[in-house]
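Please take a moment to look over the model shown below, and then follow the text through it step by step. We will move from enclosed spaces to a helix, and from there to charged pairs and a strand.

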Amino acid sequence: DLLSVAQTTEEQFGQLASRIKGQGETVTGELVVTAITGIADLMTPVFAAYMADFPTVKIRFLTDMRVFRLDYGEAHVAIRAGAAPEEPDNVVQPLARLRTGLYAAPAYASRHGLPETEADLPRHRFVGSDNPDSRAPFARWMRAHLPRDRVTFRASEQDGIEDAILAGAGLGFVPVHVARRHPDLIEVLPPRPEWEAALWIVTHVDLHRTRKVQSFLAALKDAARGWDI
């Protein structure tokens, strides 16, 4: 019982300390941003430009399978995908919509050919997520339209999935902005609205209006208007 109380107290003090750190009017110190995997190429230029404008800010960019607790001060800003987060103490704003298509590498096409119609898809090999409950729109589509045994390569991280597709392990879903960097990829099915994922900016209400968070949100939203995703 004592350990349980101590852990809760430690978390509460950590939360309080994070809030105090964020209440100053100077844009300096550490800025912690957490995001889904697979968008580092979009976020890194934003960080670099922001640090050029605010050279005393230090960035920590965290990607993980778990959801970071903003109410415990684990991050100042979170970029999340899917349905709009509904935690009562968070401020949620739309950022962008991430388009995804179905692609094949030339190595796969040379060994197995390509589907001529959508009806041919179940006869092909696929790369997918190792998470059977993945909420990604294209993952739900795969579960609904493909036999499970046709997903012959599974990975826990998006980078691993994309690398397997590029290596020719199977057909797979790749974000449009990533596929654009690999012009040899073959588009099997073009992006569909049902495969799109909404990206959300999430901040805790206690830190949302601090100068540091507001200045970063302004930079992020300005950059996102130029994203071709």
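A cavity, in the sense used here, is a set of grid points where a 1.4 Å probe fits but cannot get out, and its volume is the space filled by probe spheres set on those points. The model is a predicted one, and it holds two cavities of 30 Å³ or more. The second largest cavity has a volume of about 30 Å³, and its lining is made of Glu-162, Ile-165, Leu-166, Val-174, Val-178, His-182 and Leu-185. By kind, these lining residues divide into five nonpolar, one polar and one charged. Helix α5, which runs over residues 158-167, gives the most to this lining, with three residues.

Before going further into that helix, it helps to have the whole chain in view. The secondary structure of the protein chain comes to seven helices and ten strands, and buried residues make up 42% of its 229 residues. Among the contacts with a separation of 6 or more, 78% are accounted for by residues 24 or more positions apart.

Now return to α5, and ask which of its residues are buried. They are Gln-158, Ile-161, Glu-162, Ala-164 and Ile-165. Because these residues cover an arc of only 160 degrees around the axis, they are on the same side of α5. A general point about helices helps here: an α-helix has 3.6 residues a turn, so residues three or four places apart point the same way. What do the buried residues of α5 pack against? Their partners are the strands β5 (100-104), β6, β7 (151-155) and β8, together with the helices α4 and α6 (176-179). Two of the buried residues, Glu-162 and Ile-165, have already been met, since both also belong to the lining of the second largest cavity. Just after α5, Gly-168 takes a positive phi of about 90 degrees.

From the cavity we can turn to a space that is open. The largest pocket contains about 1,200 Å³ of space, and it is lined by 42 residues, of which Ile-36, Ala-81, Ser-134, Arg-135 and Ala-136 lie nearest its centre. Several elements give two or more residues to this lining, namely β1 (29-35), β3 (77-81), β6 (126-129), α4 (137-145), α5, β8 (172-175) and β10 (197-204). The largest share, five residues, comes from α4. The lining of the pocket divides into 22 nonpolar, eleven polar and nine charged residues.

Charged side chains also meet one another, and the next step follows such pairs. The count of salt bridges comes to ten. One of them joins the side chains of Arg-97 and Glu-196, at 2.8 Å from N to O. This pair links distant parts of the chain, with Arg-97 in strand β4 (residues 90-98) and Glu-196 in the loop between β9 (186-189) and β10, 99 residues apart. Arg-97 counts as partly exposed because its relative accessibility is 45%, and partly exposed covers the range between under 20%, which is buried, and over 50%, which is exposed.

The loop between β9 and β10 takes part in another such link, where the side chains of Arg-192 and Glu-118 meet in a salt bridge of 2.6 Å, N to O. Arg-192 lies in that loop and Glu-118 in the loop between α3 (106-112) and β6, so the pair ties together parts that are 74 residues apart in sequence. Both partners are partly exposed, Arg-192 at 21% relative accessibility and Glu-118 with a relative accessible area of 35%.

A third salt bridge joins Asp-120 and Arg-123, whose side chains meet at 2.2 Å, N to O. Are these two residues buried or exposed? Asp-120 is buried, with a relative accessible area of 16%, whereas Arg-123 is exposed, at 61%. Elsewhere, Arg-99, Arg-180 and Asp-228 are linked in a network of salt bridges.

The last stop is strand β4, where Asn-90 lies. Asn-90 counts as buried because its relative accessible area is 15%. Leaving aside its neighbours within four places in sequence, Asn-90 is in contact with Leu-70, Arg-80, Val-202, Thr-203, His-204 and Val-205.

Note on methods: Residues are numbered from 1 along each chain as its sequence is written. This is a predicted model: local features need pLDDT of at least 70, side-chain atom pairs count only at pLDDT 80 or more; totals for chains, interfaces and linings use all residues. Side-chain values use heavy atoms; hydrogens and water are left out. On a 1 Å grid over the protein atoms alone, a cavity is a set of points where a 1.4 Å probe fits but cannot get out, and a pocket is an open set with protein on both sides within 12 Å along at least five of seven lines; lining residues have an atom within 4 Å of a point. Helices (H or I, at least four residues) and strands (E, at least two) are DSSP runs, numbered from the N terminus. Ala, Val, Leu, Ile, Met, Phe, Trp, Tyr, Cys and Pro count as nonpolar, Asp, Glu, Lys and Arg as charged, and the others, Gly among them, as polar. Buried means under 20% relative accessible area, exposed over 50%, partly exposed in between (1.4 Å probe, protein chains only). The arc is that of the directions from the helix axis to the C-beta atoms. Contact means heavy atoms within 4.5 Å. A salt bridge is a side-chain nitrogen of Lys or Arg within 4 Å of a carboxyl oxygen of Asp or Glu.
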